[in-house]
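Visitor: I have a structure open and would like to learn how to read it. Could you walk me through it?

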Amino acid sequence: MRTSWRIGRIFGIEIFIDSSWLIIFALITWSLSSFYFPHYHPGWSVRMYWLIGVTTSIIFFMSVLIHELAHSLVAKKQGEEVRNITLFIFGGAAQIADEPDRPSKEFRMAIVGPLTSIALAVVFGIIWLIAREINQPLAALTRYVAFINVMLALFNLLPGFPLDGGRVLRSIVWGATGNFRRATRIATWAGQVLAFIFIVWGIIQVFAGSFIGGLWIAFIGWFLHSAASRSYHQVFLREMLRGVRAKDLMTTDFKTVTGNMSVQKLIDEYVLHHAGHAFLVAENGHIEGIVCLEDIKVVPQEKRATTLVREVMTRKEELATAAPEEDGNVILSRLGSRDVGQLPVIERGQVIGILCRSDILRNLQLRTELGI
Ligand SMILES: [Zn+2]
């Protein structure tokens, strides 16, 4: 289970720190304070090494954050919804709800990250030029941060999806061919080739005697590989759902049940009898929530007789709603952002259907099988 902590909000964007980030923060601080600075700058006190080490680490991660903020702000300006930014072991990631709808938008959104890192490198480089005659620790710090920002820009510019360079590549192919899916496929393929090179290079390094460094490179390759295939699946899902409306996905012949009913009774009298998989929970015409097969399944068999539907349903307060004409992608991201599995489809104040996450998947599966 992954844990993350919210550390604040900038320009309306929530900033999170993933627990894995602590490892990399500790590792970088330790290697800077114990090896890097003592090696290049002998003669400082131990306290000074750690002070500069910690400060450098913090500024490094602020640089990563600024890089991600640059992506997010351009995305927001272009009308995209930015959910949050999370710092984790491999840097940072901005959660942008939708893929851009035009190549030019994607190009701008992707390129601004590396450009921001270059700009930061220039700023720190200038401070270094000024400080190197005056203040040795400040000079050492800014020199390192300038260098790391250049590396950040170069690494992110590698042309493999989902790195920024891969997105730039995709936007160019997309712009040239007009085919979003093919552009994604090419950029993902480039990402996987890149991942493969990293893994092989890492293994060679391990055998050449650089164990930790080699392992780290291979690890980055593995991460790139899984990120590339995950992103591709997401894009594929989005493409498939384009043009599908809430009313095509929802269940309309749902039954209404009361919250006081036991889960066992619901299964016996409704699920098995009517073969339904989504139910509206209401009392005297007041909606209390929705219960889907997914909610029922998690209740252990021996507890089903004593568990009430009310206890397992998704309560009305947690439910988002949809209109019948709304797009499948919008609904999928709404379900994702609320972290709920179902929502009622409402028309003129009336619940006309229930939509579960499993309905979306079932629809996709059906369409894949039929080749639509
Ligand atoms: Zn980036």
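**Aromatic pairs, a metal site and strands**

Guide: Let us start with one side chain: Phe 198 is buried, with a relative accessible area of 12%. Buried means under 20% relative accessible area, exposed means over 50%, and partly exposed lies in between, using a 1.4 Å probe and protein chains only. This is a predicted model, where local features need pLDDT of at least 70 and side-chain atom pairs count only at pLDDT 80 or more, while totals for chains, interfaces and linings use all residues. Residues are numbered from 1 along each chain as its sequence is written, and side-chain values use heavy atoms, leaving out hydrogens and water.

Visitor: How many aromatic pairs does a search of the whole structure find?

Guide: Rings of Phe, Tyr and Trp (its six-membered ring) pair if their centres lie within 6.5 Å; planes under 30 degrees apart are stacked, over 60 edge-to-face, and the rest tilted. Here the search finds 17 pairs. One of them joins Tyr 36 and Tyr 144: the ring centres are 5.1 Å apart and the planes are at 65°, so this pair is edge-to-face. Tyr 36 sits in helix 1 (residues 19–40) and Tyr 144 in helix 4 (residues 136–157), 108 residues apart. Helices (H or I, at least four residues) and strands (E, at least two) are DSSP runs, numbered from the N terminus.

Visitor: Is Tyr 144 buried or exposed?

Guide: Tyr 144 is buried, at 12% relative accessible area, whereas Tyr 36 is partly exposed at 23%. The rings of Phe 155 and Phe 198 also pair: with centres 6.0 Å apart and planes at 90°, they are edge-to-face. Phe 155 belongs to helix 4 and Phe 198 to helix 6 (residues 180–207), so this pair ties together parts 43 residues apart in sequence. Phe 155 is partly exposed, at 27%. There is also one aromatic cluster, formed by Tyr 36, Phe 37, Tyr 40, Trp 44, Tyr 49 and Tyr 144.

Visitor: Which residues are the protein donors of the zinc ion?

Guide: Donors are N, O and S atoms within 2.8 Å of the metal (3.2 Å for Na, K and Ca); water is not among the atoms, so sites may look incomplete. For this zinc ion they are His 67 (NE2), His 71 (NE2) and Asp 164 (OD, listed twice), at 2.0 to 2.6 Å. Their spacing along the chain is H-x3-H-x92-D. His 67 lies in helix 2 (residues 46–77) and Asp 164 in helix 5 (residues 164–177), so the two tie together parts 97 residues apart in sequence. Both His 67 and Asp 164 are buried.

Visitor: And how should I read the strands?

Guide: Strands of a sheet pair through backbone hydrogen bonds, either parallel or antiparallel. Two strands pair if DSSP finds at least two bridges between them. Strand 2 (residues 13–18) runs parallel to strand 3, with four bridges, and Glu 14 stands opposite Asn 84. Strand 3 and strand 4 (residues 91–96) run antiparallel, joined by six bridges, and Asn 84 has Gln 95 as its bridge partner in strand 4. These two strands form a hairpin with two residues between them.

Visitor: How many residues of strand 3 are buried?

Guide: Six of the seven residues in strand 3 (residues 82–88) are buried. Elsewhere, four strands form an open sheet in the order 5-6-7-8, with mixed pairing. Its edge strands are strand 5 (255–257) and strand 8 (314–315), each pairing on one side only.
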